[in-house]
Structure formats: C-alpha cells, structure tokens
Amino acid sequence: MKEADIVKAIMKYLKTVPGCFCWKEHGGMYGTAGIPDIIACINGHFYGFEVKTESGKPTKLQEATIRKIIAAGGTAMVVRSVEEVRAIVEGNMYGYGVCVNCGAFFIKNGSRQKYCDNPECKKARNRAKAQTYYHRKNNH
Ligand SMILES: [Zn+2]
C-alpha cells in the first residue's frame, strides 16, 4: 500500500468516529515541516498520526514533533495501517480490558465489556448472563 492510500483509509475511518474532527496536513513547501500527516481531535483528545509504509521511517524532525505532542499530553505516533489507528482511538475511548474467560488483552467496544470477541468467550459470557438471570429469578 502506498502512503497516500493509507492516509486515505485512515481519514475515511476517522470520519466515522463520533466526536472526531480531523484534517490532513499537506506536506511539501506549503506544509509545516515535521507535523504529522493526520491531525485529529476526538472528544477533546489530540492525536497526531505520522503515516508511513511498512518500510518507511520518520525523519528526525518528525520524531521530535511526536515527542513534543506526547509531552503536551496528546497522542502521537508513527502508524502503518488503518487498523493501528483504530486500535489506538478505540483503546483511548473505551480502554483496554483483559478477558475474564481466556485472559487475552483486548480493546473494549463498550465501557462494561469483560469478555474478548473470541466466539468461545462470547459463549461463556452468554452462559454467565443466563446464570445471573436464573439466580435473580429464584430469589423472588
Ligand atoms: Zn477471551
């Protein structure tokens, strides 16, 4: 994938995120040197994504800018795919969890999620739910 295509895919994804304002920083002579390719503000949190291909490397100036954004309390990093951006954004929104069934590290898609998306763990969650219901019913 070309860098421009990754940027496009990330922008397309960010436009679906609720509470997100984002823009693409134009490089070249009219852009500000070192500023990440994509800047976003999501629910008050600042993000800077420096987009690179699999083999691409950030310049010294880009690395320094990423450090400055992090020092200022924002989130900034080199990203190589839209999946990485999704994991970062959704992880920040809902947090990370450890699945109570298999112990896997996962990104929550809701604040109360306790099980990962593994089909076996989803089954375990449904069993636990059914049991809670059964106990509640018997207490009446
Ligand atoms: Zn699990």
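Trainee: How far apart do the C-alpha centres of domain 1 and domain 2 lie?

Mentor: They lie 32 Å apart. Keep in mind that this is a predicted model, where local features need pLDDT of at least 70, side-chain atom pairs count only at pLDDT 80 or more, and totals for chains, interfaces and linings use all residues. Residues are numbered from 1 along each chain as its sequence is written.

Trainee: What makes these two stretches domains?

Mentor: The label comes from an automatic or database domain assignment. Here that assignment gives 3–94 as domain 1 and 96–138 as domain 2.

Trainee: How do you know which residues of the two domains are in contact?

Mentor: Two residues count as in contact if their C-beta atoms, placed from the backbone, lie within 7 Å. By that rule, four residues of domain 1 are in contact with six residues of domain 2. On the domain 1 side, two are nonpolar, one is polar and one is charged. For those classes, Ala, Val, Leu, Ile, Met, Phe, Trp, Tyr, Cys and Pro are nonpolar, Asp, Glu, Lys and Arg are charged, and the others, Gly among them, are polar.

Trainee: How does the chain's radius of gyration compare with that of a compact globule?

Mentor: The radius is taken over C-alpha atoms, and the globule rule is 2.2 Å times the number of residues to the power 0.38. For 140 residues the rule gives a value near 14 Å, but the chain has 20 Å. Its C-alpha trace spans about 70 × 30 × 25 Å along the principal axes.

Trainee: What makes something a helix or a strand here?

Mentor: Both are DSSP runs, numbered from the N terminus: H or I over at least four residues for a helix, E over at least two for a strand. The chain has four helices and six strands.

Trainee: What span is expected for helix 2, and what does it reach?

Mentor: The expected span is 1.5 Å times one less than the number of residues. Helix 2 (residues 60–71) has twelve residues, and its 17 Å is close to the expected 16 Å.

Trainee: Why do we say the buried residues of helix 2 line one face?

Mentor: Buried means 20 or more other C-beta atoms within 10 Å of the residue's own, exposed means 12 or fewer, and partly exposed is in between, with C-beta atoms placed from the backbone. Q62, T65 and I66 are the buried ones in helix 2. Seen down the helix axis, the buried residues fall within an arc of 100°, so they line one face. That arc is of the directions from the helix axis to the C-beta atoms. On the other side, K60, L61, A64, R67 and A71 are exposed.
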